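User: I am new to this structure and would like to know how its descriptions are justified. Please take me through the reasoning.

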Amino acid sequence: MEKNLKLFDAEYKFMSIVWEHEPVNSTELTRLCQKKLGWKKPTTYSMIKKLSERGIMKNENATVTTLIEREQVQKYEADTLLEKAFGGCVPSFIATFLKGKTLSEKEAQEIKQMIEGAMKK
C-alpha cells in the first residue's frame, strides 16, 4: 500500500477535490474538475479509473469516495522528503525549515509539545 500513496501533482489536486466533497457523484465531480482544474469529462473519468485501479479511490453506482486519507498522503510525502533530502535527519530538516522564519510563541509551544510527544521514553 505504501507505494500507492505517491500522488503526482494533478492526482493530488484531483484527490483534494474528492476529499473536500466526498462522497461525490461522478457527474458532479466532472463539473467540479471542469471549474477548478479546467478538465474535460474524459480527463476526469480517466483519473477516476486510474486511481480506482491503484486502490486509492472507488466509484460505485456513480458515487466516488476515497480509500486513503489526505493525512496518509501527507505523511508519505513528508517521510519521503525527509529521507531523500535530509537522510532521515529530523534536526537537519527542522533547521532548514526554520531558517529565516519567525515563530509565534503559540507556534513554538505547539512544536515543543509535538516533539515531547514524539520522544522515546
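Analyst: We can start with a cut-off for helix directions: angles over 145 degrees count as roughly antiparallel. The model is a predicted one.

User: What makes H1 and H4 roughly antiparallel to each other?

Analyst: The axes of helix H1 (residues 9-21) and helix H4 (residues 70-86) cross at roughly 150 degrees. The cut-off is over 145 degrees, and H1 and H4 are therefore roughly antiparallel to each other. Their axes come within 11 Å.

User: Which residues make the contact of H1 with H4, and how many of them are nonpolar, polar and charged?

Analyst: H1 contributes Tyr12, Ser16, Trp19 and Glu20, while H4 contributes Arg70, Val73 and Gln74. Sorted by class, this contact holds three nonpolar, two polar and two charged residues. Tyr and Trp count as nonpolar under the classes used.

User: How do you know that S1 and S3 pair?

Analyst: Pairing requires at least two bridges between the strands. S1 and strand S3 (residues 63-66) have two bridges, in the antiparallel sense, so the requirement of at least two is met. Val24 has Val64 in S3 as its bridge partner.

User: Where does helix H1 pack, and what angle does its direction make with that of S3?

Analyst: H1 packs on the sheet and touches S1, S2 and S3. The direction of H1 makes about 105 degrees with that of S3. The range for roughly perpendicular is 65 to 115 degrees, so H1 and S3 are roughly perpendicular by that rule.

User: What is the order of the strands in the sheet, and why do S1 and S2 stand at the edges?

Analyst: The open sheet has three strands in the order S1-S3-S2, with antiparallel pairing. Strand S1 (24-25) and strand S2 (57-60) each have a single partner strand, so one side of each is left without a neighbour in the sheet.

User: Which classes do the residues lining the largest pocket fall into?

Analyst: The lining divides into eleven nonpolar, no polar and no charged residues. Among them are Val90, Pro91, Phe93, Ile111 and Met114. Helix H5 (90-98) and helix H6 (105-118) each supply at least two lining residues, and H5 gives the most, with six. The space in this pocket is about 350 Å³.

User: How many charged residues are in the lining of the second largest pocket?

Analyst: Two are charged, beside three nonpolar and no polar residues. Lys75, Ala78, Asp79, Leu82 and Phe93 form that lining, and Asp and Lys count as charged. H4 provides the largest share, four residues. About 200 Å³ of space lies in this pocket.

Key: Residues are numbered from 1 along each chain as its sequence is written. This is a predicted model: local features need pLDDT of at least 70, side-chain atom pairs count only at pLDDT 80 or more; totals for chains, interfaces and linings use all residues. Side-chain values use heavy atoms; hydrogens and water are left out. Contact means heavy atoms within 4.5 Å. Axes are lines fitted to C-alpha atoms, for helices over the stretch in contact, and angles run from 0 to 180 degrees between N-to-C directions. Angles under 35 degrees count as roughly parallel, over 145 as roughly antiparallel, 65 to 115 as roughly perpendicular and the rest as oblique. On a 1 Å grid over the protein atoms alone, a cavity is a set of points where a 1.4 Å probe fits but cannot get out, and a pocket is an open set with protein on both sides within 12 Å along at least five of seven lines; lining residues have an atom within 4 Å of a point. Grid points are joined across faces, edges and corners, and a volume is the space filled by probe spheres set on the points.
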